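Let's walk through this structure together, one region at a time. Keep the sequence and the 3D view open side by side as you read.

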Amino acid sequence: MADYVVAIDQGTTSTRAIIFDKSGSIVSTGQLEHEQIFPKAGWVEHNPVEIWNNTREVIGQALSKADLTRHDIAAVGITNQRETAVVWDKNTGEPVYNAIVWQDTRTQPIVDRLAADGGTERFKQIVGLPLATYFSGTKIVWILENVEGARERAEAGDLLFGTTDTWVLWNLTGGPDGGVHATDVTNASRTLFMDLETLSWRDDILEVFGVPKSMLPEIKSSSEVYGEVESSSLLREVPVAGILGDQQAATFGQAAFDPGESKNTYGTGNFLIFNTGEEIVHSKNGLLTTLGYKLGDEAPHYALEGSIAVTGSLVQWLRDNLGIISSAPEIEELAKTVEDNGGAYFVPAFSGLFAPYWRADARGALVGLTRYVNKGHIARAVLEATAFQTREVLDAVNADSGVDLTELKVDGGMIANNLLMQFQADIIGVPVVRPVVAETTALGAAYAAGLAVGFWENLDDLRKNWQEDRRWEPKMEEAERERQLRLWKKAVTKTFDWVDDDVRNA
């Protein structure tokens with residue numbers, strides 16, 4: 001009998017396969033990092049072939065560690081870095097270029113060109129998103145315009161596009177030999193091409209972008225059987241039955257199924273998602289309108305999202321670029337060597353500022369420096385930057401929804417940092433709650449797949465699995481909270497208007 005579900009979590013820095021049992025507990029994990037490629041300032045790429053090879057290997061690792069075979073697995077779910085774009089040849093399976101990662105800013109001239117007629121909110125009422133380098137649509141355009149022969153091959157029907165869920169699904173189900181070319185509504189909603197109401201590709205927008213519709217995957221729900229794993233895989237004949245973009249998957253894994261429920265994920269970036277139910281809410285405060293999930297033939301659930309580009313990756317930057325720490329967990333101990341930030345504020349606008357500002361012209365700034373400031377203060381400022389950015393997004397969610405959040409459910413790698421979690425509670429003024437199973441992204445994908453094949457019966461089954469691990473109550477005085485926020489907002493303004501054309505093109 002199949003007693004487990006496998007989730008493939010294709011993330012920004014690594015690919016994991018995690019096996020879950022019926023209680024939502026982790027049975028085993030396989031994980032491999034992939035190379036972060038930086039050809040130029042502002043360019044971020046991944047090798048799709050490396051990602052696919054790693055996917056196959058981590059599946060083997062997870063099965064081996066748990067001493068399981070395909071006969072023990074009821075279904076496979078996929079979750080992924082959402083806006084990262086892969087374009088490949090459908091006949092050979094070979095990518096025409098590296099995957100262009102969601103953090104990449106090279107497409108700003110394309111954004112400017114498209115925004116010349118109607119501004120950055122030209123399509124926002126239809127797709128829920130402003131024109132920005134963040135989304136995958138402009139990345140496809142860049143590949144078609146800059147990779148030799150790509151446009152001709154695309155117009156001939158030979159090239160396929162997908163975010164990394166689609167790339168993994170296509171290869172997992174056979175690749176050039178009958179691979180399923182599909183995505184789910186959550187990933188489709190991050191392209192700039194999907195109509196939020198009809199859940200279908202908009203021909204008029206594709207025409208403006210110059211992207212052939214033949215490249216695009218079929219849009220499906222987040223929970224249904226898309227196909228079976230191909231015959232040479234360790235998971236052969238197991239149904240692939242769930243797909244959710246990583247942030248929606250984390251929300252699903254937190255059992256935030258109902259309107260008003262939310263979560264905040266602390267990963268490479270931070271992403272706060274607020275469930276608005278079956279209602280499409282258009283933000284007036286710099287948030288994105290996106291799909292939350294869609295289960296089979298049921299009505300779609302929508303969400304507001306606050307996307308922050310740089311949080312966990314700022315800790316990596318401190319480690320890899322400056323060498324102030326040798327491993328990410330060390331930052332908490334270094335930050336504890338001081339009582340506060342010493343007056344230093346770090347605004348990590350490395351890829352511009354995302355929500356709620358959407359300022360592509362911004363770049364990172366470390367301000368308030370004096371001779372007093374040491375590396376402990378800088379470490380603390382790095383952690384506090386994550387909490388300050390989350391506070392600003394939370395303020396936008398409260399304004400758009402008209403309902404103040406009473407607690408914040410959190411997940412992701414950084415929630416192991418107790419100093420950060422306490423400061424987060426302090427600066428937002430409401431409790432922060434960590435679940436027992438912190439791997440909520442993979443868990444959400446497992447849930448979506450398991451629901452599709454009857455492994456779990458309904459959402460109530462999943463709600464019963466959620467358990468609280470720890471809660472942080474705010475301790476900061478209101479006057480100090482307001483002082484800190486005032487200084488943070490002043491620091492943010494120092495990052496504006498940095499990128500001129502000669503800087504962007506250098």
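V6 has I19 as its bridge partner in β2. The model is a predicted one, in which local features need pLDDT of at least 70 and side-chain atom pairs count only at pLDDT 80 or more, while totals for chains, interfaces and linings use all residues. Residues are numbered from 1 along each chain as its sequence is written, and side-chain values use heavy atoms, with hydrogens and water left out.

The bridge between V6 and I19 belongs to an antiparallel pairing of strand β1 (residues 4-10) with strand β2 (residues 14-20), built from six bridges. Two strands pair here if DSSP finds at least two bridges between them; helices (H or I, at least four residues) and strands (E, at least two) are DSSP runs, numbered from the N terminus. As background, strands of a sheet pair through backbone hydrogen bonds, either parallel or antiparallel.

Step back, and β1 and β2 turn out to be part of an open sheet of six strands, ordered β3-β2-β1-β5-β12-β11 with mixed pairing. At its edges sit β3 (26-33) and β11 (223-228), each pairing on one side only. From one strand to the next, the twist averages 25°. Helix α1 (residues 48-66) packs on this sheet, where it touches β1, β2, β3 and β5 (73-80), and its direction makes about 150° with that of β3. Touching, or contact, means heavy atoms within 4.5 Å; axes are lines fitted to C-alpha atoms, for helices over the stretch in contact, and angles run from 0 to 180 degrees between N-to-C directions.

Another helix, α6, lies across β1, β5, β11 and β12 (239-245), running at about 145° to β5. Look for N171 in α6 (residues 164-172). N171 is buried, with a relative accessible area of 12%; buried means under 20%, exposed over 50%, and partly exposed in between (1.4 Å probe, protein chains only). Leaving aside neighbours within four places in sequence, N171 is in contact with W52 and E230.

Now for the second sheet on our tour. Seven strands make up this open sheet, in the order β15-β16-β14-β13-β19-β20-β21 and with mixed pairing. Its edge strands, β15 (288-293) and β21 (468-472), each pair on one side only. Neighbouring strands are turned by 30° against each other on average, direction ignored. Within the sheet, β19 and strand β20 (residues 432-435) run parallel and are joined by two bridges; L408 has V432 as its bridge partner in β20.

Which strands does helix α9 lie across? Helix α9 (residues 246-253) lies across β13 (262-266), β14 (270-277), β15, β16 (301-308) and β19, running at about 125° to β13. Helix α9 also packs with helix α14 (residues 440-452), at an angle of about 75° and with axes 6 Å apart. That makes α9 roughly perpendicular to α14, a label used for angles of 65 to 115 degrees, while those under 35 count as roughly parallel, over 145 as roughly antiparallel and the rest as oblique. On the α9 side the contacts include A249 and F252, which belong to the group that meets α14 residues including L443 and Y447.

What about the interior? The largest nonpolar core has 106 residues, and F193, F209 and V211 have the most contacts inside it. A nonpolar core is a set of buried Ala, Val, Leu, Ile, Met, Phe, Trp, Tyr and Cys residues joined through side-chain atoms within 4.5 Å. Helix α12 (residues 375-401) gives the most to this core, with 12 residues. A second, separate core of 32 residues includes I19, A66, L160 and V240.

Finally, turn to the annotated positions. An unreviewed UniProt entry lists T12, T13, S14, T268, G312, Q316 and G413 under "binding site". These positions span 402 residues in sequence, yet no two of their C-alpha atoms are more than 13.8 Å apart, so they gather at one spot. UniProt positions follow the numbering used here, feature names are shortened, and annotations may be inferred rather than shown by experiment. Among the listed positions, Q316 is in helix α10 (residues 312-320) and counts as partly exposed at 27% relative accessibility. Setting aside neighbours within four places in sequence, Q316 is in contact with T13 and N321. G413 lies in the loop between β19 (408-411) and α13 (418-428), and at 65% relative accessibility G413 counts as exposed.
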